Amino acid sequence: MKSARLVWAGWRFHVKSLTLSGFFLLTSAIQPVIFATIAFFMFKAGAREGTLLYVSLGAGLMGIWSATLFASGGAIQWQRWQGTLELSIASPAPFILVLLPMTLASATIGLYSLTGTLLWGRILFGVPFELAKPLVFLLAIPATVIGLGLLGLVMASTFILWRNANALSNLLEYPIWLITGLLVPISLLPGWVAPLSWVLAPTWGVRAIRDAALGGGDPLAAVGMCLALGAVYLGIGALTVRHFEQLARDRATLSLT
Amino acid sequence: MTSLRVFFIGGVTSYRALFYWLTPWIYVPSLLIAPIFQILLFVYIGRSAGLQSDEFYVIGNALQYAAIPCVFAMGFMIGGERYQKTLGSILVSPARRLPLFLGRAAPVLLNGAFVAAFSLAIGCLLLGIHLPASTFGPLALVVLVCAFSCTGLGLISGALGLRVRETGVLANIMFGLLLIFSGANVPIDDLPGWMQTISHGIPLTHGIEAARQIAAGSTLGDVGRLIGIEALIGLVYGAIGYTMIRLMEWQSRVYATLETA
């Protein structure tokens, strides 16, 4: 119960805190809108207007991924800069319960992206927003946020040891957008990409959201996969956080910037 | 002679000091690998949409990526000085401002050109695009001119850095707008009229078009006009940026607003 309360309080705090960050909000809201706009024009010029909602949802997910990635990359670094990392590590609560709300909150903030791209598409490009399975759609969104937030936890944990985490964040943005099929069907990519995409929550998250919105497929199964992968990420995150925290203590590298 | 020293030695020294953090661990993933994935993303979206050839996206995105090192670095030029508490010292120094700021822009320009050329070369290799050896020289010139015009835009970003704190956001927005308007991914003719008008007045549009024509077999003479316009746009943006910096420097002295952002 105490753990749940800590995660809940931390999540609320970080959602509020990130909502006050102009950098974070602008990046979350504007970047996916830019990519959605380009994709809209590309698909319009390519005479495939029927796929605009598909693009809109994919671009929104791109924003959720970017938000998760940057916040996960920054979660440790920002604490280093603010001098709170040692306090968080030394506090009685397990460090994973401090880190988890940060990554979940950053994925939650990514919902601004999804909302922004859907509104942008509706207002400027007349993209219809008619949901085939509204209830499943409402279920798919939090499941995706949780899946991505937990993937962010795995990444953030590795950044305890690595001081150039933001560079890795820059590196991972485009590849994940590409191989999880956010804008491009995975079937168009080389065959060896598909197995990689299966172990990434965004693949299942976007599938769940799209299937719920456009109909077809099995959105509930995709929701299940997203949550199951989230549980696996949580297990991996728990191990890596503990291990890397111990290494950082042993090497006295915790606060090095 | 003093101006030359300020331009060359001052420029290189300040670049090394401001970008001390740009180690290979950051440089390689952010500036050499990330553009390759940007190229791949748009190549595959293009294939999915059935719009243009792979070559179209490789050239467009490789050149457009020059905006990352140029616009971000020029914005950081002011922000970094302020962060390190050296901005005030620079602005009270008697050094002439033109060589001072242009000297800081020169390494940025060269880095931007390198990043774009590298992305173009690797993008072509990965996707099996063959460019004849005779195009290398003209393409190198176009890449350099594109980096020049992006640096001009970056100078404006740097000037705005005297008023806004989030220069990173500003550079992100500029980068995104260039991605939409420069024709890197959407042919200019497929954009609405008002967007086409903007496209013709921003950096990269003419450079990207020139590079595409060179790759298609045009000579340097054929695309001379496009390259000239690109250079002119860079010059105009650079002049505006420099004027803004001087104006804000003057304002900061009169109203004590140097550190307000």
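How many of the 24 residues of α2(A) are buried? The count is 17, and this helix is mostly covered. The legends below describe close-up views of a predicted model.

**Figure 1. Helix α2 of chain A in the predicted model.** Helix α2 of chain A takes in residues 22–45, 24 residues in total. From the first C-alpha to the last, helix α2 of chain A reaches 34 Å, close to the 34 Å expected at 1.5 Å a residue. Of its 24 residues, 17 are buried, and α2(A) is mostly covered.

**Figure 2. The side of chain A that touches chain B.** On this side, 30 residues of chain A are in contact with 31 residues of chain B. The elements of chain A that give two or more residues to this side are α2 and α8, the latter formed by residues 165–179. Helix α2(A) gives the most, with 14 residues. Sorted by class, the side of chain A that touches chain B holds 22 nonpolar, 7 polar and 1 charged residues. The model has an ipTM of 0.87 and a pTM of 0.90.

**Figure 3. Chain A as a whole, for orientation.** Chain A has 11 helices and 0 strands. Its radius of gyration is 18 Å, close to the 18 Å that the globule rule gives for 257 residues, so chain A is as compact as a globular protein of that length. The C-alpha trace of chain A spans about 60 × 35 × 35 Å along its principal axes. Of the 257 residues of chain A, 50% count as buried. Among the contacts in chain A with a separation of 6 or more, 82% are between residues 24 or more positions apart.

**Figure 4. Surroundings of I96(A) in helix α5 of chain A.** I96(A) is found in helix α5 of chain A, which covers residues 95–109. Is I96(A) buried or exposed? I96(A) is buried, because 20 other C-beta atoms lie within 10 Å, and 20 is the lowest count at which a residue is called buried. Leaving out residues up to four places away in sequence, I96(A) touches G237(A), A238(A) and V241(A). L234(A) is 138 residues from I96(A) in sequence, and the two C-alpha atoms are 9.4 Å apart in space.

**Figure 5. Chain B as a whole, for orientation.** Chain B has 11 helices and 0 strands. A compact globule of 261 residues would have a radius of gyration near 18 Å, and the 19 Å of chain B agrees with this. Taken along the principal axes, the C-alpha atoms of chain B fill a box of roughly 55 × 40 × 35 Å. Buried residues make up 51% of the 261 residues in chain B. For contacts in chain B with a separation of 6 or more, residues 24 or more positions apart account for 81%. The mean pLDDT of chain B is 90, and 99% of the residues score at least 70. Among the elements of chain B, helix α1 (residues 2–18) has the lowest mean pLDDT, 81, and helix α10 (residues 205–215) the highest, 97.

**Figure 6. Contacts of A116(B) in the largest nonpolar core.** The largest nonpolar core has 160 residues. Which of them touch the most other members? They are A39(A), A66(B), A116(B) and A147(B). Apart from neighbours within four places in sequence, A116(B) is in contact with A62(B), L63(B), Y65(B), A66(B), V143(B), C146(B) and A147(B). Two of these contacts, A66(B) and A147(B), are also named among the core residues that touch the most other members.

**Figure 7. Helix α6 of chain B and the residue just after it.** Helix α6 of chain B has 31 residues, 97–127. The span from its first C-alpha to its last is 45 Å, close to the 45 Å expected at 1.5 Å a residue. Just after α6(B), G128(B) takes a positive phi of about 65 degrees.

**Figure 8. Positive phi at K85(B) and L204(B), neither of them a glycine.** K85(B) has a phi near 65 degrees and lies in the loop between α4 (67–83) and α5 (87–92) of chain B. K85(B) is exposed, with 9 other C-beta atoms within 10 Å. L204(B) has a phi of about 85 degrees and sits in the loop between α9 (193–199) and α10 of chain B. L204(B) is buried, with 30 other C-beta atoms within 10 Å.

Note on methods. Residues numbered from 1 in each chain as written. Chains lettered and ligands numbered in written order. Predicted model: local features only at pLDDT ≥ 70, side-chain atom pairs only at ≥ 80, totals over all residues. Helix = DSSP H or I, 4+ residues; strand = E, 2+ residues; numbered from the N terminus. Rg over C-alpha atoms; globule rule 2.2 N^0.38 Å. Buried ≥ 20, exposed ≤ 12 C-beta atoms within 10 Å, placed from the backbone. Contact = placed C-beta atoms within 7 Å. pLDDT = per-residue confidence, 0-100. Expected span 1.5 Å × (residues − 1). Nonpolar A, V, L, I, M, F, W, Y, C, P; charged D, E, K, R; others polar. Core = buried A, V, L, I, M, F, W, Y, C linked by C-beta atoms within 7 Å.
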